[in-house]
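Q: Hi! I've just opened this one and would like some help finding my way around. Can we go through it together?

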Amino acid sequence: VQLQASGGGLVQAGGSLRLSCAASGSISSIVSMGWHRQIPGKQREWVASIGSGGTTSVADSVKGRFTISRDNAKNTVYLQMNNLKPEDTAIYYCNAITIFSSSWGQGTQVTVSS
């Protein structure tokens, strides 16, 4: 599975961004997709995920502000990020878990200014 992430950028605190992750390749083997984020020098942190059945989960740190969704027709998963805070600044990575392995996208930078 190949993943192409997009949608990052610079936004002021309180603003919104929507990240997209388009999947290609062995789509039928995908069990779940999700988003992680990483601040340089720190461990990668799980943010949200959505299963093949549509069940979603989000980290407590972003609950109520971030929403994960998908468009099956476009093989794309979205991360809607509202009420962004400076501590949300990170590189956001898309991830897909298949029955064979785990794949990662290239990452997209999100910067939130105070």
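A: Happy to; we'll talk about a pocket, two asparagines, a hairpin and an arginine, and please keep in mind that this is a predicted model.

Q: Cool, pocket first. What volume does the largest pocket have?

A: The largest pocket comes to about 210 Å³.

Q: And how many residues line the largest pocket?

A: Its lining has 15 residues. Those that lie nearest the centre of the pocket are I27, I30, M33, R70 and N72.

Q: Which strands supply at least two residues each to that lining?

A: Four names to look for here: β4 (30-38), β5 (45-51), β7 (66-71) and β8 (76-81). The largest share, 4 residues, comes from β4.

Q: How do the lining residues divide into nonpolar, polar and charged?

A: There are 7 nonpolar, 6 polar and 2 charged residues in the lining of the largest pocket.

Q: OK, new topic. How do β7 and β8 run, parallel or antiparallel?

A: They run antiparallel, and 6 bridges join β7 to β8. As an example, D71 has T76 in β8 as its bridge partner.

Q: How many residues sit between the strands in that hairpin?

A: The hairpin of β7 and β8 has 4 residues between its strands. N75 is in that loop, and N75 has a positive phi of about 50 degrees although it is not a glycine.

Q: Why mention the glycine part?

A: Most residues other than glycine have a negative phi, so a positive value is worth pointing out.

Q: Fair enough. Which residue in the loop between β8 and β9 has a positive phi too?

A: That would be N83, with a positive phi of about 50 degrees, and N83 is not a glycine either. You'll find N83 in the loop between β8 and β9 (90-98).

Q: Are those two buried, exposed or partly exposed?

A: N75 is partly exposed, with a relative accessible area of 31%. N83 also counts as partly exposed, at 41% relative accessibility.

Q: Last one: R37. Where is R37 found?

A: R37 is in strand β4.

Q: And why does R37 count as buried?

A: R37 has a relative accessibility of 7%, and buried means under 20%, so R37 counts as buried.

Q: Which side chains does the R37 side chain make polar contacts with?

A: One polar contact, of 2.9 Å, joins the side chains of R37 and D88. Another links the side chain of R37 to the side chain of Y92, also at 2.9 Å.

Q: What else does R37 touch?

A: Not counting residues up to four places away in sequence, R37 touches several others, including Q43, E45, V47, F66 and I91.

Definitions and conventions. Residues numbered from 1 in each chain as written. Predicted model: local features only at pLDDT ≥ 70, side-chain atom pairs only at ≥ 80, totals over all residues. Heavy atoms only, no water. 1 Å grid on protein atoms, 1.4 Å probe; cavity = no way out; pocket = protein on both sides within 12 Å on 5 of 7 lines; lining within 4 Å. Points joined across faces, edges and corners; volume = space filled by probe spheres on them. Nonpolar A, V, L, I, M, F, W, Y, C, P; charged D, E, K, R; others polar. Buried < 20%, exposed > 50% of the residue type's maximum accessible area, 1.4 Å probe, protein only. Pairing = 2+ DSSP bridges. Polar contact = N/O pair within 3.5 Å; in protein donor to acceptor, adjacent residues only side chain to side chain. Contact = heavy atoms within 4.5 Å.
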